[in-house]
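Trainee: Could we go through this one together? I would like to practise reading a fold from its coordinates.

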Amino acid sequence: PKIAEAGLPVQTFSYIAWRESRCHPRSVNARWRNGKIVWTLNSNGSYDSGIFAINSSWHSAVKQVCTINTGNKRLDLQALYNVDCSIAMAVWIMENTKGKLGNWNL
């Protein structure tokens, strides 16, 4: 219901949530050791978080959209573990980028 309330295409974003995170809001495709990233699926060193796997390159937008600023990039991006923040970021990406669904390779 939250996807529909946000005005996103429900079938498409339900698919994205399943494909990217198996609908687990605390999903992340990276591992850290001693505060440093030691593994990620992304070849450029970035990582994806939350139900829609929002990329860490969107850090500035996450801070703005989700009104978070801990002073720590990793902690800021953990805001994406909150479904409402992830949905708000998906809306922002759809409204503010040329790539739209291309950001999820669709």
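Mentor: What follows is a set of questions and answers on this predicted model.

Trainee: Happy to start with the fold. In what pattern do the helices and strands follow each other along the protein chain?

Mentor: Begin with the inventory: the protein chain holds five helices and four strands. Reading from the start of the sequence, the order is α-α-β-β-β-β-α-α-α.

Trainee: And how compact is the protein chain for its 106 residues?

Mentor: Along the principal axes, the C-alpha trace spans about 40 × 25 × 25 Å. As for the secondary structure, it comes to five helices and four strands. The radius of gyration is 13 Å, close to the 13 Å from the globule rule for 106 residues, so the chain is as compact as a globular protein of that length.

Trainee: What share of the contacts with a separation of 6 or more comes from residues 24 or more positions apart?

Mentor: Let us put burial beside it: 40% of the 106 residues are buried. On the outside, the protein chain exposes about 6400 Å², with 50% of that supplied by carbon and sulfur atoms. For the contacts you ask about, residues 24 or more positions apart account for 51%.

Trainee: How far apart are the mean positions of the positive and negative charges?

Mentor: The counts are 12 positive and 6 negative charges in the protein chain. Taking the mean position of each set, the separation is 10 Å.

Trainee: On to the cysteines. Which residues does the disulfide join?

Mentor: Searching the whole structure turns up one disulfide. Its sulfur atoms are 2.0 Å apart, and they belong to Cys66 and Cys85.

Trainee: How many residues apart in sequence are the parts that Cys66 and Cys85 tie together?

Mentor: The bond itself joins Cys66 to Cys85. Cys66 sits in the loop between α3 (59-65) and α4 (73-77), while Cys85 belongs to helix α5 (residues 83-96), so the parts tied together are 19 residues apart in sequence.

Trainee: What is the handedness of that disulfide?

Mentor: Both partners are buried, Cys66 at 16% relative accessibility and Cys85 at 7%. The torsion about their S-S bond is about 95°, so the disulfide is right-handed.

Trainee: Why is Cys23 without a bond to another cysteine?

Mentor: Cys23 is partly exposed, with a relative accessible area of 39%. A disulfide needs sulfur atoms within 2.5 Å. The closest cysteine sulfur to that of Cys23 is in Cys85, and the distance is too far for a bond: 17 Å.

Trainee: Now the interior. Is Phe13 buried or exposed?

Mentor: Phe13 lies in helix α2. Leaving aside residues up to four places away in sequence, Phe13 touches Ile3, Leu8, Phe52, Ala90, Met94, Leu101 and Trp104. One of these, Ala90, is 77 residues from Phe13 along the chain, yet their C-alpha atoms are separated by 8.8 Å. With a relative accessibility of 0%, Phe13 counts as buried.

Trainee: Which residues does Ile16 touch, not counting those up to four places away in sequence?

Mentor: Ile16 is placed in helix α2 (residues 10-21). Its relative accessible area is 0%, so Ile16 is buried. The residues Ile16 touches are Ser21, Ile51, Phe52, Leu101, Trp104 and Leu106.

Trainee: Something in the backbone caught my eye. What is the phi of Arg22?

Mentor: As background, most residues other than glycine have a negative phi. Arg22 is in the loop between α2 and β1 (30-33), and Arg22 is partly exposed at 44% relative accessible area. Although Arg22 is not a glycine, its phi is positive, about 55°.

Trainee: And where is Ala53 found?

Mentor: Ala53 also has a positive phi, near 55°, in a residue other than glycine. At 14% relative accessibility, Ala53 counts as buried. Its place is the loop between β3 (48-49) and β4 (54-55).

Trainee: One last loop. How far apart in space are Asn44 and Ser21, C-alpha to C-alpha?

Mentor: Asn44 lies in the loop between β2 (36-40) and β3. At 63% relative accessibility, Asn44 counts as exposed. Asn44 and Ser21 are 23 residues apart in sequence, and the distance from C-alpha to C-alpha is 20 Å.

Note on methods
Residues numbered from 1 in each chain as written. Predicted model: local features only at pLDDT ≥ 70, side-chain atom pairs only at ≥ 80, totals over all residues. Heavy atoms only, no water. Helix = DSSP H or I, 4+ residues; strand = E, 2+ residues; numbered from the N terminus. Rg over C-alpha atoms; globule rule 2.2 N^0.38 Å. Buried < 20%, exposed > 50% of the residue type's maximum accessible area, 1.4 Å probe, protein only. Contact = heavy atoms within 4.5 Å. Areas by Shrake-Rupley, 256 points an atom, 1.4 Å probe, with all protein chains shown as cover. Lys, Arg positive; Asp, Glu negative; His and termini not counted. Charge placed at Lys NZ, Arg CZ, Asp CG, Glu CD.
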